[in-house]
Amino acid sequence: MIDNEWNFTPLGSIDRQDRLNLAQKWPEAPVIAQLLTQRGITTDEEADKFFRPSLADLHDPFLMPGMDKAVARLNHAMGKKEKIMIYGDYDVDGTTAVALVYKYLRGFYSNIDYSIPTREDHGYGITHRAIDEFKEMNVGLVIILDCGIKAIGEVAYAKSLGIDFIICDHHVSDSELPDAAAILNPKLEGNTYPCTHLSGCGVGFKFMQAFSRSNGIDERDLEGMLDLVAVSIAADIVPVVDENRIMTFHGLRRLNTNPNTGLRAIMRMAQMPSSREITISDVIFKIGPRINASGRMQRGIEAVDLLVSRDFGEAMLRAKAIDQYNRDRKELDRRITEEANAIIDRHSARLADRKSMVIYNTDWHKGIVGIVASRLTELYYKPVVVLTLHDGLATGSSRSVQGFDVYSAVENSRDLLENFGGHTYAVGLSLKEENIPEFTSRFERYVAENITPEQLKPTLSVDAVLEFADITQQFTSLLRRFEPLGPGNPKPVFLSRNVSDFGTSRIVGHNSEHLKLELVDDTSGKVMDAIAFNLADKIDIVKSGRPFDIVYTIDQNKHRSALPGAFQLLIKDLRPSQ
């Protein structure tokens, strides 16, 4: 494991003045003002909007280029009784998007169906095979979600058969765009829509919002589907800022009060207690992986079947099957990660000085290599590509470290690729097996020339320095109002110096990998409960009898024996005090 750099940059003079202005609002917790200032929130009005996200502050959907055309084509299709197909990617973002658009439109229109490609038979995105199937079904309009922005040939083929496409995507496009009836994508060059980081499901939501307004439909039923949007935002790791934060806030509220029937079944299978508030973290680690497992292990359409279920008994049967897919996925994930690490160990001398890794094994499961790439990136902290063989092509995923654009690194070898697409930090790609050596060489050369030394070392960014006396019930209550958290609005990270073991800290965990701590600082004498996952190797620092510094977040204590409202420190790193 690579040691973390601790990075704490004090506020500049202008920011300090903004913090002082805000601090008058919370004199008992001045650090709150500092955290807001770091997020660009400098006035009372901005703070009120941040702490009270309102659906009234969502942007007008017609600000998105192409929205007028999209709504007009949908209205035309419904007026002419055309068969409409809702089609999307097999991951969480795609399946929630398809479920949302299908569920909403079926309330107004019956000649509608949905389809999800299989990873094994169809691969990513829209294919000629799928279009031929749609032709046989007399489909006149396809609404494609979370993919399609590069499907130039496929959309042209569909058009030649009399099938129109409305593309709702959020991936990076090429300069040439498909000849679709309408394209909705806030990342298009020249885009003027204020929120550029919508998820694919978020784009679908804005489309349905525009459809409602064009037809004078009350939007409350649509807003009731924001739990699906919240799940997509959390699982696709898009920035939780602007209207993403508003939609996530209200989507989580829906999850906690009256969730989608399918989501409620997943929550039951994941044994999520109804007595505890569901957070973004629960979506990322419990709900999202189960939905994803359907597309990774079997068929993504099963996830949509679950999410559009109306009967809870039926939903529970579907959720049980998906839960088993997730168990199988975990076992495959563990085995393939071990095999990948073994390959790296065998070639450690050759790989040691490289700034990137490209790993290839013909026998790995196509649906798991993206997860393995993420794990290897976290472990070795460098951009990673993991490939396997599928239908005669080397197919896989790339993941990146903070601050490095792996999409550009992959795009640099586009002449070697059969297909690719994605985001700054995650890219899917396929290429001929014989091109792997040249791709590996070019990928490494690009990374080595463009990555900075700082990007190759994990960094813990510290928001504020605290003494234990600062951590009061009132402070932690205010801290919870920063939720929902995520990229762009990360969980606040704190530094406390010169803390010591109260005498009861110990190693815990099934494999003795964690630390359960009771700590005291040198100013207040206040004892704090803490947990340090995977830091058992630092027990000597804790038990040395000398003070040490800790970097941590403040979390709700979710242990079943904890009192309601109890919190603990989640230690991210510790080291001897200087």
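**Close-up views of a predicted model**

Asparagine 534 is exposed, at a relative accessible area of 55%. This and everything else shown here comes from a predicted model.

**View 1. Asparagine 534 sits in a loop and has a positive phi.** Look for asparagine 534 between strand 17 (527-532) and helix 21 (539-542), in the loop that links them. Its phi is about 60°, a positive value, although asparagine 534 is not a glycine. Why give that a view of its own? Most residues other than glycine have a negative phi.

**View 2. The whole chain, for orientation.** Before going further in, step back for a moment. There are 21 helices and 19 strands in the chain. Its radius of gyration is 25 Å, close to the 25 Å that the globule rule gives for 578 residues, so the chain is as compact as a globular protein of that length. Along the principal axes, the C-alpha atoms fill a box of roughly 75 × 60 × 50 Å. Of the 578 residues, 54% are buried.

**View 3. Strand 8 pairs with strand 7 and with strand 9.** How much of strand 8 (residues 384-390) is covered? Six of its seven residues are buried, so strand 8 counts as mostly covered, with buried meaning under 20% relative accessible area. Strand 7 (residues 357-360) runs parallel to strand 8, and four bridges hold the pairing. Two pairs to pick out are isoleucine 359 with its bridge partner valine 386, and valine 358 opposite valine 385.

**View 4. A crossover links strand 7 to strand 8.** Strand 7 and strand 8 are parallel partners. To get from strand 7 to strand 8, the chain passes through helix 17 (residues 369-380), and this β-α-β crossover is right-handed.

**View 5. A hairpin joins strand 8 and strand 9.** Here strand 8 meets strand 9 (residues 393-399) in the antiparallel sense, over seven bridges. Leucine 387 stands opposite glycine 396 of strand 9. Two residues lie between the strands of this hairpin, and aspartate 391 in the turn has a positive phi of about 50°.

**View 6. The second largest pocket holds about 340 Å³ of space.** Which residues come closest to its centre? Of the 15 that line the pocket, those are Ile41, Lys49, Phe50, Asp242 and Arg245. Helix 3 (44-51) and helix 11 (242-257) each give at least two residues to the lining. By type, the lining has six nonpolar, three polar and six charged residues.

**View 7. Aspartate 242 belongs to helix 11.** You have just met aspartate 242 at the pocket, among the residues closest to the centre. The phi of aspartate 242 is near 55°, which is positive in a residue other than glycine. Is aspartate 242 buried, partly exposed or exposed? At a relative accessible area of 35%, aspartate 242 is partly exposed.

**View 8. Glutamate 483 and proline 484 share a cis peptide bond.** Omega for this bond is about 5°. Proline 484 is part of the loop between helix 20 (473-480) and strand 14 (494-501). As a reminder, most peptide bonds are trans.

**View 9. Aspartate 415 is an exposed loop residue.** You can find aspartate 415 between helix 18 (406-411) and strand 10 (417-422). Its relative accessible area is 55%. Phenylalanine 439 is 24 residues away from aspartate 415 in sequence, and the two are 9.7 Å apart in space, C-alpha to C-alpha.

Methods: Residues are numbered from 1 along each chain as its sequence is written. This is a predicted model: local features need pLDDT of at least 70, side-chain atom pairs count only at pLDDT 80 or more; totals for chains, interfaces and linings use all residues. Side-chain values use heavy atoms; hydrogens and water are left out. Buried means under 20% relative accessible area, exposed over 50%, partly exposed in between (1.4 Å probe, protein chains only). Two strands pair if DSSP finds at least two bridges between them. A crossover is right-handed if, with the strands pointing away from the viewer, the path from the first strand over the helix to the second runs clockwise. On a 1 Å grid over the protein atoms alone, a cavity is a set of points where a 1.4 Å probe fits but cannot get out, and a pocket is an open set with protein on both sides within 12 Å along at least five of seven lines; lining residues have an atom within 4 Å of a point. Grid points are joined across faces, edges and corners, and a volume is the space filled by probe spheres set on the points. Ala, Val, Leu, Ile, Met, Phe, Trp, Tyr, Cys and Pro count as nonpolar, Asp, Glu, Lys and Arg as charged, and the others, Gly among them, as polar. The radius of gyration is taken over C-alpha atoms; the globule rule is 2.2 Å times the number of residues to the power 0.38.
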